[in-house]
Amino acid sequence: MLSDKMIEALNEQINKEIYSAYLYLSMSSYSESQGLKGFANWYFVQQQEEIDHAMRIYNYIQEQSARVKLKAIDQPQADFGTPMEMVKKTLEHEKFVTSLINNLMNLAIEENDHASRIFLQWFISEQIEEESSVNEILDKLKLAGEKGNALFMIDKELMARVYTPSSQTE
Ligand code: FEO
């Protein structure tokens with residue numbers, strides 16, 4: 001059984017994951033408007049993964065016979081500057097999400113909530129991957145620069161990302 005505090009915190013995390021999806025959908029649309037189809041694809045897939053994260057928590061709350069309560073989603077910004085600025089913002093956002101997941105884990109430990117600890121373990125690992133894949137893109141942008149051919153090559157690489165539901169990657 002989940003504590004009221006844990007139910008509230010998990011509901012808040014659903015909101016943050018859906019906001020992440022919204023933010024990345026906005027980045028996808030911005031990339032499309034800049035002619036960066038690979039970036040648009042990468043962010044679109046990222047958005048799908050964020051919805052998966054939200055649904056994972058949604059299902060967990062319900063499995064624990066608790067109530068999901070959806071909250072208003074903040075409006076994301078619409079313009080993100082250069083690809084480098086956009087990717088830096090993405091990394092910053094993922095670091096923020098990592099801190100939220102860590103707070104949830106701290107709460108589970110504090111409350112001796114072993115079920116939530118096991119549940120949250122997946123998110124701890126996922127955040128390592130999320131930060132690492134964004135860092136990889138950032139490194140490439142730093143190395144290759146953001147102009148002409150180099151950016152075209154990075155954009156082409158990002159076009160290859162394909163969505164796989166997270167339930168199939170365990
Ligand atoms: Fe759901 Fe990108 O963290």
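**Exercise 1. The two sides of helix α5**

Task: Determine which residues of α5 are exposed and which are buried.

Solution.
Step 1. Asn149, Phe152 and Lys156 are exposed on one side of α5. Here exposed means over 50% relative accessible area, buried under 20%, and partly exposed in between, for a 1.4 Å probe and protein chains only. The helices are DSSP runs (H or I, at least four residues), numbered from the N terminus.

Step 2. The structure is a predicted model, in which local features need pLDDT of at least 70 and side-chain atom pairs count only at pLDDT 80 or more, while totals for chains, interfaces and linings use all residues. Residues are numbered from 1 along each chain as its sequence is written, and side-chain values use heavy atoms, with hydrogens and water left out.

Step 3. In α5, which covers residues 148–158, the residues Leu151, Ile154, Asp155 and Leu158 are buried. Seen down the helix axis, these buried residues fall within an arc of 100°, so they line one face of α5. The arc is that of the directions from the helix axis to the C-beta atoms.

Step 4. The buried residues of α5 pack against α2, α3 and α4, where contact means heavy atoms within 4.5 Å.

**Exercise 2. Two buried polar residues**

Task: State which side chains make polar contacts with those of His93 and Ser116.

Solution.
Step 1. His93 is found in helix α3 and counts as buried, because its relative accessibility is 11%.

Step 2. The side chain of His93 makes a polar contact of 2.9 Å with the side chain of Ser20. A polar contact is a pair of N or O atoms within 3.5 Å; within protein, one must be able to donate a hydrogen and the other to accept it, and residues adjacent in sequence count only if both atoms are side-chain atoms. Leaving aside residues up to four places away in sequence, His93 touches Tyr19, Ser20, Leu23 and Tyr24.

Step 3. Ser116 belongs to helix α4 and is buried at 1% relative accessibility. Its side chain is joined to that of Asp113 by a polar contact of 2.7 Å. With residues up to four places away in sequence not counted, Ser116 touches Leu2, Met6, Tyr60 and Ala108.

**Exercise 3. Salt bridges**

Task: Identify the salt-bridge partners of Lys71 among Glu8 and Glu12, and the partner of Lys140.

Solution.
Step 1. A salt bridge is a side-chain nitrogen of Lys or Arg within 4 Å of a carboxyl oxygen of Asp or Glu. The whole structure holds seven salt bridges.

Step 2. Glu8 pairs with Lys71, the closest N and O atoms being 3.0 Å apart. This pair links distant parts of the chain, with Glu8 in helix α1 (residues 4–33) and Lys71 in the loop between α2 and α3, 63 residues apart.

Step 3. Glu12 also forms a salt bridge with Lys71, at 3.4 Å between the closest N and O atoms. Glu12 lies in α1, 59 residues from Lys71.

Step 4. The side chains of Lys140 and Glu157 meet in a salt bridge of 2.5 Å, N to O. Lys140 lies in α4 and Glu157 in α5, so the pair ties together parts that are 17 residues apart in sequence. Salt bridges that share partners join Glu8, Glu12, Lys16 and Lys71 into one network.

Conventions. Helix = DSSP H or I, 4+ residues; strand = E, 2+ residues; numbered from the N terminus.
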